[in-house]
Amino acid sequence: MNPLVSIVVPVYNGERYIDDCMKRLLEQTYAPLEILLVDDGSPDSCGDICEEYARKDGRIHVIHQKNGGLSAARNTGI
């Protein structure tokens with residue numbers, strides 16, 4: 001049995017990059033995978049983009065939080 005691998009992706013002002021990031025993550029062949037997108041209070045449309053990915057794929061989970069910085073976003077994901 002393969003263990004579940006969780007990938008934590010802090011997101012802030014990255015609407016230009018989120019599609020490329022998600023494309024590459026979803027191309028992974030390791031099946032027991034979950035992707036945690038932590039929207040760190042991004043003022044752009046990152047939160048909406050993340051939610052759209054979560055609606056399309058059950059392995060993706062979105063967490064929205066008030067901006068606390070990269071370390072806070074990582075800790076929330078963990």
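Which side chains meet in a salt bridge at 2.9 Å, N to O? They are those of R55 and E52, and we'll come back to them below. One thing to keep in mind as you read: this is a predicted model.

1. **Start with strand β2.** Have a look at residues 33-39, which make up strand β2. In this strand, 7 of the 7 residues are buried, so β2 is largely enclosed by the rest of the structure. The cover is on both faces: L33, I35, L37 and D39 are buried on one side, and E34, L36 and V38 are buried on the other. If you wonder about the every-other-residue pattern, in a regular strand the side chains alternate between the two faces of the sheet.

2. **The β1 side.** Strand β1 covers residues 5-11, and 7 bridges join it to β2, with the two strands running parallel. To find one of these pairings on your screen, pick V9, whose bridge partner in β2 is L37. Between the two strands comes some helix: β1, helix α1 (residues 18-26) and β2 make a right-handed β-α-β unit.

3. **The β3 side.** Strand β3 is residues 60-64, and it pairs with β2 in the parallel sense over 5 bridges. Two spots to check are V38, which stands opposite I63 in β3, and L36, which stands opposite H61 in β3. From β2 the chain passes through helix α2 (residues 46-56) on its way to β3, and this β-α-β crossover is right-handed.

4. **A charged residue inside: E34.** How far from E34 is the nearest side chain of opposite charge? That side chain belongs to R59 and is 9.9 Å away; E34 is buried and has no salt bridge. What E34 does have is a polar contact, side chain to side chain, with S6 at 2.4 Å. Not counting neighbours within four places in sequence, E34 is in contact with L4, V5, S6, I7, R59 and H61. Notice that R59 is on that contact list, even though the charged side chain of R59 is listed at 9.9 Å for the opposite-charge search.

5. **Another charged residue inside: D39.** Strand β2 also holds D39. D39 is buried without a salt bridge too, and here the nearest side chain of opposite charge is R55, 12 Å away. The side chain of D39 reaches the backbone nitrogen of S42 at 3.1 Å. Leaving out neighbours within four places in sequence, the contacts of D39 are V11, G47, I63, H64 and Q65.

6. **So where are the salt bridges?** The structure holds 2 of them. Back to the pair from the opening: R55 and E52 both lie in helix α2, 3 residues apart, about one turn of the helix. Are these two buried or exposed? R55 counts as exposed, because its relative accessibility is 58%, while E52 counts as partly exposed at 34%.

7. **The second salt bridge.** The side chains of D57 and R59 meet at 2.8 Å, N to O. Here D57 is buried, with a relative accessible area of 16%. Its partner R59 is partly exposed at 28%. Why does D57 count as buried when some of its area is still accessible? Because buried means under 20% relative accessible area, and D57 has 16%.

8. **A residue in helix α1: L26.** You'll find L26 in helix α1, and at 30% relative accessibility it counts as partly exposed. L26 and D57 are 31 residues apart along the chain, and their C-alpha atoms are separated by 9.3 Å. Setting aside residues up to four places away in sequence, L26 touches I35, Y53, D57, R59 and I60. That list includes both D57 and R59, the two partners of the salt bridge in point 7.

9. **A loop residue to finish: T29.** T29 sits in the loop between α1 and β2. Buried or exposed, which is T29? It is exposed, with a relative accessible area of 79%. If you'd like to try a distance yourself, go from T29 to T76: they are 47 residues apart along the chain, and their C-alpha atoms are separated by 26 Å.

Note on methods. Residues are numbered from 1 along each chain as its sequence is written. This is a predicted model: local features need pLDDT of at least 70, side-chain atom pairs count only at pLDDT 80 or more; totals for chains, interfaces and linings use all residues. Side-chain values use heavy atoms; hydrogens and water are left out. Helices (H or I, at least four residues) and strands (E, at least two) are DSSP runs, numbered from the N terminus. Buried means under 20% relative accessible area, exposed over 50%, partly exposed in between (1.4 Å probe, protein chains only). Lys and Arg count as positive and Asp and Glu as negative; His and the chain ends are not counted. A salt bridge is a side-chain nitrogen of Lys or Arg within 4 Å of a carboxyl oxygen of Asp or Glu. A polar contact is a pair of N or O atoms within 3.5 Å; within protein, one must be able to donate a hydrogen and the other to accept it, and residues adjacent in sequence count only if both atoms are side-chain atoms. Contact means heavy atoms within 4.5 Å. Two strands pair if DSSP finds at least two bridges between them. A crossover is right-handed if, with the strands pointing away from the viewer, the path from the first strand over the helix to the second runs clockwise.
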